[in-house]
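Subject: Structure handover

Hello,

Here is the structure for you to look through. Please open it next to this message and follow the notes below.

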Amino acid sequence: MNFISVLSNLLSEQLVTTVRDLVIPVMPMMLAYILFKLFWPLWINYIRSDTFARRKFTVLEVKLPRDSFRSPAAMELFINALHNTSDGGFFAQYWKGEKRPGYSLEIISVEGKVKFMIYTEDQRKNGVMAALYSQFPGIEVMEVPDYTRGVQFDPKESTMYAAEFIFTKEDSSKNMAHVYPIKTYVDYGLDKDPKEEFKVDPLTPMIEFLGSVGANQQVWFQYVIRANIKEVQGSHIYFKKTQPYKDQAKKVINEIMGRDPKTRIAGTKDKVSGRITPPTLSDGEKEIVKAIERNMAKPAFDVGIRVIYMGKKNVFDKPNGIGGIVGSFKHFSTENFNGLKPNGDKYSSKFSGLPWQDYKKMRETKQMKIALEAYKRRSFFYDPIKSKHVIMSSEELATLYHFPGAVAATPGLNRIPSKKFEAPSNLPI
């Protein structure tokens, strides 16, 4: 027993010495790594917030002519002009706080008056206006005060509903829901620019709903966008990249067609004869492959979708208001492709089932104030208010946000009262 005790003591002393000799030299590196993990995100948030605070932003209101006949394809060309993937390089991102340009495309209704708005950096407004005028010559674009600035949520006087929207396939497609497109204006035949009486515009029901909003009520639809690149949220901490959006789309197509990703041969190979049986696709599968391939050929955007409905307590119409918001997105959804649904994890109190779980709706009130602040900031992709976004092509985005033609006869839609022409050159002086 004495021998065993002596041996154990010797081994213990040797083990302690070995561990000490190994750990002490690497302690500075371990400490540096821990400090990096702790303070790097704080530094990034600080410099981005500082840069954001020093920048000026502007809100542009777009007034439409009474005779507007442009296809949503014109809006797609405008949106393509906003596709800027430049982050400014390593030094600009992580020392100066630069980030990809972002924009907010908004359709709002203030007591039934429907307006199209665009929120952008002040230094980029001239480029935005030039791109708009190039595609929509008859419009008027004017800089206006931010309509959200004076709006506050007081639960004693007002009621509010807020939601963010994600894809319907979000829970069933292994994080590749964005590969499946929504039903776009091309699927509705609007790319062929039919006559007004034959148009079926999926945006018209939304415009009609916004036009029906009554007194002391407001509804705001917001699409916060930036160019999509190969990254994940929080990648500034680890410098990791995700699988590119288009590579994921190719993977889905290969799975549908039974195609080998290496040989790109589609079909099933017989083990005995070696012959390849071509895949048999249903009409629905063919349409899915066609739609995915069409979207792959177009610029991709990160898109954050947020909606707010607010009104005085005595006029807040919960069934029609919330139903109208959710119903506005139904026309972009199909079973074969994709659709949009409220993200149930955002801005909904998890303790509102019973009165004592959310005393005096304190938690719900807090969530509504956070949602309103997020809308005002046009924040979706960065701290302090970061939310789950979707990835869409410019075609999908132009379907959600475009200027309707004369087929949208909503009285509250803000249009230019008369058409403007240049004066004749032969007028007497």
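Does Asn80 count as buried, partly exposed or exposed, and what is its relative accessibility? The model is a predicted one, and every value in this message was computed from it. Asn80 has a relative accessibility of 26%. The cut-off for buried is under 20% and that for exposed is over 50%, so Asn80 counts as partly exposed.

Asn80 belongs to helix H2. If its neighbours within four places in sequence are left aside, Asn80 is in contact with Pro299 and Ser394. Ala398 is 318 residues away from Asn80 in sequence, yet their C-alpha atoms are 9.6 Å apart in space.

The chain as a whole

The chain has 429 residues, and 45% of them count as buried. It contains 11 helices and 11 strands. Take the contacts between residues at least 6 apart in sequence: 80% of these join residues at least 24 apart.

Helix H2

H2 covers residues 72-80, and its buried residues are Pro72, Ala74, Met75, Glu76, Phe78 and Ile79. An α-helix has 3.6 residues a turn, so residues three or four places apart point the same way. Which elements do the buried residues of H2 pack against? There are three strands on the list, S2 (102-110), S3 (113-121) and S9 (300-312), together with two helices, H4 (125-135) and H11 (394-400).

Strand S9 and its partners

Please look at S9 next. Of its 13 residues, 12 are buried, so S9 is largely enclosed by the rest of the structure. Its pairings are as follows.

- S5 (residues 158-167) runs antiparallel to S9 and is joined to it by 8 bridges. Ala162 has Ile308 of S9 as its bridge partner.
- S6 (residues 217-227) is also antiparallel to S9, with 11 bridges between them. Here Tyr223 stands opposite Ile305, and Val224 stands opposite Gly304.
- S11 (residues 390-393) is joined to S9 by 4 bridges, again antiparallel. Phe301 stands opposite Met392 of S11.

When you follow these strands, keep one general point in mind. In a regular strand the side chains alternate between the two faces of the sheet.

Strand S6

Why can S6 be called largely enclosed by the rest of the structure? The reason is that 10 of its 11 residues are buried. Besides S9, strand S6 pairs with S2, in the antiparallel sense and over 9 bridges. In that pairing Ser109 stands opposite Val219 of S6.

The nonpolar cores

The largest nonpolar core has 59 residues. Which of them touch the most other members? They are Ile107, Phe116, Leu132, Phe221, Tyr223, Ile305 and Phe329. Tyr223 and Ile305 are the residues that stand opposite each other in the pairing with S9. A second core, separate from this one, has 20 residues, among them Tyr147, Met160, Ile308 and Leu372. Ile308 has already come up as the bridge partner of Ala162.

The cavity

How many cavities of 30 Å³ or more does a search of the whole structure find? The search finds 1. The space in the largest cavity is about 40 Å³. Its lining consists of Arg70, Pro72, Leu190, Lys199, Asp201, His402, Phe403, Pro404 and Gly405. By class, 4 of the lining residues are nonpolar, 2 are polar and 3 are charged. Pro72 is also one of the buried residues of H2.

Two residues with positive phi

Most residues other than glycine have a negative phi. Two residues in this model are worth checking against that.

Glu111 is not a glycine, but its phi is positive, at about 55°. Glu111 sits in the loop between S2 and S3. Its relative accessible area is 43%, so Glu111 is partly exposed.

Asn216 is likewise a residue other than glycine with a positive phi, in this case near 60°. Its place is the loop between helix H5 (204-211) and S6. With a relative accessibility of 42%, Asn216 counts as partly exposed.

Regards

Definitions and conventions
Residues are numbered from 1 along each chain as its sequence is written. This is a predicted model: local features need pLDDT of at least 70, side-chain atom pairs count only at pLDDT 80 or more; totals for chains, interfaces and linings use all residues. Side-chain values use heavy atoms; hydrogens and water are left out. On a 1 Å grid over the protein atoms alone, a cavity is a set of points where a 1.4 Å probe fits but cannot get out, and a pocket is an open set with protein on both sides within 12 Å along at least five of seven lines; lining residues have an atom within 4 Å of a point. Grid points are joined across faces, edges and corners, and a volume is the space filled by probe spheres set on the points. Ala, Val, Leu, Ile, Met, Phe, Trp, Tyr, Cys and Pro count as nonpolar, Asp, Glu, Lys and Arg as charged, and the others, Gly among them, as polar. A nonpolar core is a set of buried Ala, Val, Leu, Ile, Met, Phe, Trp, Tyr and Cys residues joined through side-chain atoms within 4.5 Å. Buried means under 20% relative accessible area, exposed over 50%, partly exposed in between (1.4 Å probe, protein chains only). Contact means heavy atoms within 4.5 Å. Two strands pair if DSSP finds at least two bridges between them.
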